[in-house]
Amino acid sequence: MDVRSDLWAVGATMFALLTGRNVHEAETVNDQLVLAATTPAPSIAEHRPDLPAPVVRLVACALASKQEDPCPSARAMRAA
């Protein structure tokens with residue numbers, strides 16, 4: 001757990017607020033956690049194709065799953 005988990009949480013909150021859905025939909029919370037740990041997040045554009053590209057990129061940056069892919073910092077996320 002470090003700043004990346006905080007940024008992921010911000011991205012997941014944005015995803016939920018903008019789509020009305022969780023990042024990973026599953027029958028149980030445990031299944032959601034497994035999906036979050038093992039499956040890349042879907043693009044928010046799949047659920048909201050009307051969103052501006054910068055918003056789609058920002059959420060994608062926050063929800064990236066590989067260590068080298070996420071926004072490196074809150075400042076970088078804010079700049080995005």
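Which residues make up the largest nonpolar core? In this predicted model, the set comprises eight residues: Ala 12, Phe 15, Val 23, Ile 44, Leu 51, Val 56, Val 59 and Leu 63.

## Nonpolar cores

Two elements, α1 (3-19) and α3 (53-63), each give two or more residues to the largest core. The element that gives the most is α3, with three residues. A second core lies apart from this one and has six residues, including Leu 7, Cys 61, Ala 62 and Met 77. As a general background, nonpolar side chains in soluble globular proteins tend to be buried together.

Val 59, a member of the largest core, illustrates the contacts made there. When residues up to four places away in sequence are not counted, Val 59 touches Gly 11, Met 14, Phe 15 and Ile 44. Of these partners, Phe 15 and Ile 44 are themselves listed in the largest core.

## Contacts of Thr 19

Thr 19 is part of helix α1, and its side chain takes part in two polar contacts with backbone atoms. The side chain of Thr 19 reaches the backbone oxygen of Phe 15 at 2.6 Å. A polar atom of the Thr 19 side chain also lies 3.1 Å from the backbone nitrogen of Arg 21.

Beyond its neighbours within four places in sequence, Thr 19 is in contact with Ile 44, His 47 and Arg 48. Ile 44 belongs to the largest nonpolar core, whereas Arg 48 takes part in a salt bridge.

## The salt bridge

How many salt bridges does the structure hold? The structure holds one. This salt bridge is formed by Arg 48 and Asp 50, and the closest N and O atoms of the pair are 2.8 Å apart.

The two partners fall into separate accessibility classes. Arg 48 has a relative accessibility of 24% and therefore counts as partly exposed. Asp 50 has a relative accessibility of 55%, so Asp 50 counts as exposed.

## Ala 37 in helix α2

Is Ala 37 buried or exposed? Ala 37 counts as exposed because its relative accessibility is 67%, and the cut-off for the exposed class is over 50%. The residue lies in helix α2, which spans residues 29-38.

Ala 37 can also be placed relative to a residue elsewhere in the sequence. Ala 37 and Ser 65 are 28 residues apart along the chain, and their C-alpha atoms are separated by 8.1 Å.

Notes
Residues are numbered from 1 along each chain as its sequence is written. This is a predicted model: local features need pLDDT of at least 70, side-chain atom pairs count only at pLDDT 80 or more; totals for chains, interfaces and linings use all residues. Side-chain values use heavy atoms; hydrogens and water are left out. A nonpolar core is a set of buried Ala, Val, Leu, Ile, Met, Phe, Trp, Tyr and Cys residues joined through side-chain atoms within 4.5 Å. Buried means under 20% relative accessible area, exposed over 50%, partly exposed in between (1.4 Å probe, protein chains only). Helices (H or I, at least four residues) and strands (E, at least two) are DSSP runs, numbered from the N terminus. Contact means heavy atoms within 4.5 Å. A salt bridge is a side-chain nitrogen of Lys or Arg within 4 Å of a carboxyl oxygen of Asp or Glu. A polar contact is a pair of N or O atoms within 3.5 Å; within protein, one must be able to donate a hydrogen and the other to accept it, and residues adjacent in sequence count only if both atoms are side-chain atoms.
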